[in-house]
Amino acid sequence: MSTADVGRQAVYAAELAAFDGTSYESVVRFETLLALADRITSAAWWPHGPVEVVRARRDASSSSTRQRGSAAPVVRLAAPQMTPATLLHEFAHVLAGVAAGHGALFRRAHVDLVGDVFGADEAGWLLDAYAAVGLSPGQRAWSAPPIRGVTVGPIAL
């Protein structure tokens with residue numbers, strides 16, 4: 001495991017604490033997630049352009065984001081994890097850079113995406129859950145996204 005991925009298990013625990021039992025962890029149709037991915041990648045603040053989202057192999061039990069060399073990252077969603085929360089987790093890997101693992105930059109990307117897509121309350125849940133497991137987000141390396149439901153513009157979460 002790389003040093004950037006030392007907090008991986010804590011990130012998973014924080015995600016469960018923040019979203020388990022909510023509609024964000026409900027399995028939805030693949031096409032619903034494709035539409036959500038399109039919404040994210042077409043946003044003015046998104047710095048990476050389109051992202052390919054595909055179904056993982058039938059026997060896959062977990063989702064992933066992979067990047068080979070200088071090729072664009074590809075998000076693979078496993079059937080049991082076809083949830084909005086999983087899609088945002090995988091898109092956080094794209095935003096932070098796959099090499100960032102589950103480190104501080106990933107956590108900043110994750111909170112930013114949750115704030116943009118789910119809203120300020122949900123981003124707060126995730127920040128609280130990260131704090132509870134001793135993790136904090138890093139400094140963002142992209143423009144601050146708008147926060148859903150906040151009409152005065154981006155806020156620093």
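The legends below accompany close-up views of a predicted model.

**Figure 1. Helix α4 and its surroundings in the predicted model.**
Helix α4 covers residues 104-117, and at 1.5 Å a residue its 14 residues should span 20 Å, which agrees with the 20 Å that separates its end C-alpha atoms. Twelve of these 14 residues are buried, so the helix is largely enclosed by the rest of the structure. The buried residues are Phe106, Arg107, Arg108, Ala109, His110, Val111, Asp112, Leu113, Val114, Gly115, Asp116 and Val117. Among the elements that cover them are α1 (8-19), α2 (30-41), α3 (84-96) and α5 (120-132). Just after α4, Gly119 adopts a positive phi of about 135 degrees.

**Figure 2. Ala104 of helix α4 and Ser136 of the segment after α5.**
Ala104 belongs to helix α4, whereas Ser136 is found in the segment after α5. With a relative accessible area of 31%, Ala104 is partly exposed, because buried residues are those under 20% and exposed residues those over 50%. Ser136, at 44% relative accessibility, likewise counts as partly exposed. When neighbours within four places in sequence are left aside, Ala104 is in contact with Ser136, Pro137 and Gly138, and Ser136, on the same basis, is in contact with Ala104 and Arg107. Two separations help to place these residues in the fold: Ala104 and Arg68, 36 residues apart in sequence, have C-alpha atoms 22 Å apart, while Ser136 and Ser61, 75 residues apart in sequence, have C-alpha atoms 28 Å apart.

**Figure 3. The surroundings of Asp116 in helix α4.**
Asp116 is part of helix α4, and its relative accessibility of 6% is the reason why it counts as buried. Leaving aside neighbours within four places in sequence, the residues in contact with Asp116 are Arg39, Trp45, Pro145, Pro146 and Arg148.

**Figure 4. The largest nonpolar core, with Trp46.**
The largest nonpolar core holds 39 residues, of which Trp46, Phe91 and Leu113 touch the most other members. At least two residues of this core are supplied by each of α1, α2, β3 (74-77), α3, α4 and α5, and the largest share, eight residues, comes from α3. With neighbours within four places in sequence left aside, Trp46 is in contact with Ile40, Thr41, Val51, Phe91, Val94, Leu95 and Leu113. Phe91 and Leu113 therefore appear both among the contacts of Trp46 and, with Trp46, among the residues that touch the most other members of the core, where membership requires a buried residue joined through side-chain atoms within 4.5 Å.

**Figure 5. Trp125 of helix α5.**
Trp125 has its place in helix α5 and, at 38% relative accessibility, counts as partly exposed. Its contacts, apart from neighbours within four places in sequence, are Ala18, Phe19, Thr22 and Tyr24. Trp125 and Ala17 are 108 residues apart in sequence, but their C-alpha atoms are 8.3 Å apart in space.

**Figure 6. The largest pocket and its lining.**
The largest pocket contains about 530 Å³ of space. It is lined by 22 residues, and those closest to its centre are Tyr12, Ser63, His89, Glu90 and His102. The elements that contribute two or more residues to this lining are α1, β2 (64-66) and α3, and α3 provides the largest share, with five residues. By residue class, the lining of the largest pocket consists of five nonpolar, eleven polar and six charged residues.

**Figure 7. The second largest pocket and its lining.**
The second largest pocket contains about 180 Å³ of space. Its lining is formed by Ala56, Arg57, Ala60, Ser62, Ser63, Ser64, Arg66, Arg68 and Arg76, and these residues divide into two nonpolar, three polar and four charged. Ser63, which lines this second pocket, is also one of the residues closest to the centre of the largest pocket.

Technical notes:
Residues are numbered from 1 along each chain as its sequence is written. This is a predicted model: local features need pLDDT of at least 70, side-chain atom pairs count only at pLDDT 80 or more; totals for chains, interfaces and linings use all residues. Side-chain values use heavy atoms; hydrogens and water are left out. Helices (H or I, at least four residues) and strands (E, at least two) are DSSP runs, numbered from the N terminus. The expected span of a helix is 1.5 Å times one less than its number of residues. Buried means under 20% relative accessible area, exposed over 50%, partly exposed in between (1.4 Å probe, protein chains only). Contact means heavy atoms within 4.5 Å. On a 1 Å grid over the protein atoms alone, a cavity is a set of points where a 1.4 Å probe fits but cannot get out, and a pocket is an open set with protein on both sides within 12 Å along at least five of seven lines; lining residues have an atom within 4 Å of a point. Grid points are joined across faces, edges and corners, and a volume is the space filled by probe spheres set on the points. Ala, Val, Leu, Ile, Met, Phe, Trp, Tyr, Cys and Pro count as nonpolar, Asp, Glu, Lys and Arg as charged, and the others, Gly among them, as polar.
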